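Trainee: I should like to study this chain with you, beginning with its charged side chains. May we look at the structure together?

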Amino acid sequence: MRYQIQGDTLPVVICELQQGERMITESGSMSWMSPNMKMETSTNGGIGKAFGRLFSGENIFQNIYTAVGGPGMIAFASSFPGSIRAFEISPGNEMIFQKSAFLAGESSINLSVFFNKKLGSGIFGGEGFIMQKVSGSGIVFAEFDGHVVEYDLAAGQQIVVDTGYLAAMTSSCKMDIQSVPGVKNMLFGGEGIFNTVITGPGRVWLQTMPISHVAGVLRPYMPTGN
């Protein structure tokens, strides 16, 4: 499988498949394709994995596209202004994504739910509580909100992230929740009560325009029903 990511603020990834090669994606993610791409809708791993994907912000069903009778082409476009990134997944090199980041991937990758192990993270972590884990082997494409900034963390090195800005991290990183120090800071600082703390070793991808924050900014300007 060969691919090319085109576009800046509203990117698309165009994949060229050899005969018999397959890709998986969430329903509704396909943008255009060659006529010989055969689609099959499946739970892709059984009902257990399907409900796991539901908890991680994805659909129960996935679409599997196969190039039939020769080479094929299929494209997947971003649903929000931002970035599409490609990741090479292999045993020991798994990725953790934010909810709904998964766009498409080779059929040899596995998508499952990732729960933060610490109770505090679960109760107060917001979007960071339930994330997506990508394992298996192959290339996976993820869409992030806004511009993406990457950091390489050494062992024990930390970065403090506001909720929603964590887009992805390698599975070697650890995530925890830390309360904002000081009651006045909590109540009047405007940054919320908790922050997400990422500890290395590993790489972290941060996004500059979380869609949840955009929705919060726009909400006061939306008309309300009478």
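Trainee: Is Glu150 buried, partly exposed or exposed?

Mentor: The model before us is a predicted one. Glu150 has a relative accessible area of 34%. Buried would require under 20% and exposed over 50%, so Glu150 is partly exposed.

Trainee: Which residue forms a salt bridge with Glu150 at a closest N to O distance of 2.6 Å, and where does each partner lie?

Mentor: Glu150 belongs to strand β14 (residues 148-153), and the partner belongs to strand β8 (residues 82-89). The two are 65 residues apart, so the pair links distant parts of the chain. At 24% relative accessibility the partner counts as partly exposed. The residue asked for is Arg85.

Trainee: How far apart are the closest N and O atoms of Arg203 and Glu150?

Mentor: Arg203 forms a salt bridge with Glu150, and a nitrogen must lie within 4 Å of a carboxyl oxygen to qualify. The closest N and O atoms of Arg203 and Glu150 are 3.0 Å apart.

Trainee: How many residues separate Arg203 and Glu150?

Mentor: Arg203 is in strand β19 (residues 202-207), while Glu150 is in strand β14. This pair, too, links distant parts of the chain. The separation is 53 residues.

Trainee: Which residues are joined into one network by salt bridges that share partners?

Mentor: Glu150 forms a salt bridge with Arg85, and Arg203 forms one with Glu150. Salt bridges with shared partners make one network, whose members are Arg85, Glu150, Asp152 and Arg203.

Trainee: Why can such side chains pair?

Mentor: Side chains of opposite charge can pair when their charged atoms come close. In this structure, the number of salt bridges is four.

Trainee: Which parts of the chain does the salt bridge of Glu16 and Arg2 tie together?

Mentor: The side chains of Glu16 and Arg2 meet at 2.8 Å, N to O. Glu16 lies in strand β2 and Arg2 in strand β1 (residues 2-6), so the pair ties together parts that are 14 residues apart in sequence. The elements are therefore strand β2 and strand β1.

Trainee: Is Arg2 buried or exposed?

Mentor: Glu16, the partner, is partly exposed at 40% relative accessible area. Arg2 has a relative accessible area of 59%. Because the cut-off is over 50%, Arg2 is exposed.

Trainee: Let us turn to the interior. Is Val13 buried or exposed?

Mentor: Val13 lies in strand β2 (residues 12-17). Its relative accessible area is 0%, so Val13 is buried.

Trainee: How far apart in space are Val13 and Ala75, C-alpha to C-alpha?

Mentor: Val13 touches Ala75, and the residues it touches also include Ile5, Leu103 and Phe141. In sequence, Val13 and Ala75 are 62 residues apart. In space, C-alpha to C-alpha, the distance is 5.6 Å.

Trainee: How many aromatic pairs are there, and what is the geometry of Phe97 with Phe144?

Mentor: The whole structure contains five aromatic pairs. The ring centres of Phe97 and Phe144 are 6.2 Å apart, with 70 degrees between the planes. Planes over 60 degrees apart are classed as edge-to-face, so the geometry of this pair is edge-to-face.

Trainee: Which strands hold Phe97 and Phe144?

Mentor: The two residues are 47 apart, and their pair links distant parts of the chain. Phe97 is buried at 0% relative accessible area, and Phe144 is buried at 1%. The strands are β9 (residues 95-97) for Phe97 and β13 (residues 138-145) for Phe144.

Trainee: Which residues do ring pairs link into a cluster?

Mentor: Phe97 and Phe144 form one aromatic pair, and both belong to the cluster. Its members are Phe87, Phe97, Phe144 and Trp205.

Trainee: How many disulfides are present?

Mentor: Cys15 is buried at 0% relative accessibility, and Cys173 is buried at 4%. A disulfide requires two cysteine sulfur atoms within 2.5 Å. The count of disulfides is zero.

Trainee: Which residues form the nonpolar patch on the surface?

Mentor: Leu218, in helix α4 (residues 211-218), is partly exposed at 45% relative accessibility. The patch has about 480 Å² of accessible area together. Its residues are Val217, Leu218, Tyr221 and Met222.

Definitions and conventions
Residues numbered from 1 in each chain as written. Predicted model: local features only at pLDDT ≥ 70, side-chain atom pairs only at ≥ 80, totals over all residues. Heavy atoms only, no water. Buried < 20%, exposed > 50% of the residue type's maximum accessible area, 1.4 Å probe, protein only. Phe/Tyr/Trp six-rings, centres within 6.5 Å; stacked < 30°, edge-to-face > 60°. Helix = DSSP H or I, 4+ residues; strand = E, 2+ residues; numbered from the N terminus. Contact = heavy atoms within 4.5 Å. Patch = residues over 30% accessible without salt bridge, like charges linked within 9 Å, V, L, I, M, F, W, Y side chains within 5 Å. Areas by Shrake-Rupley, 256 points an atom, 1.4 Å probe, with all protein chains shown as cover. Lists of a residue's contacts leave out its neighbours within four places in sequence.
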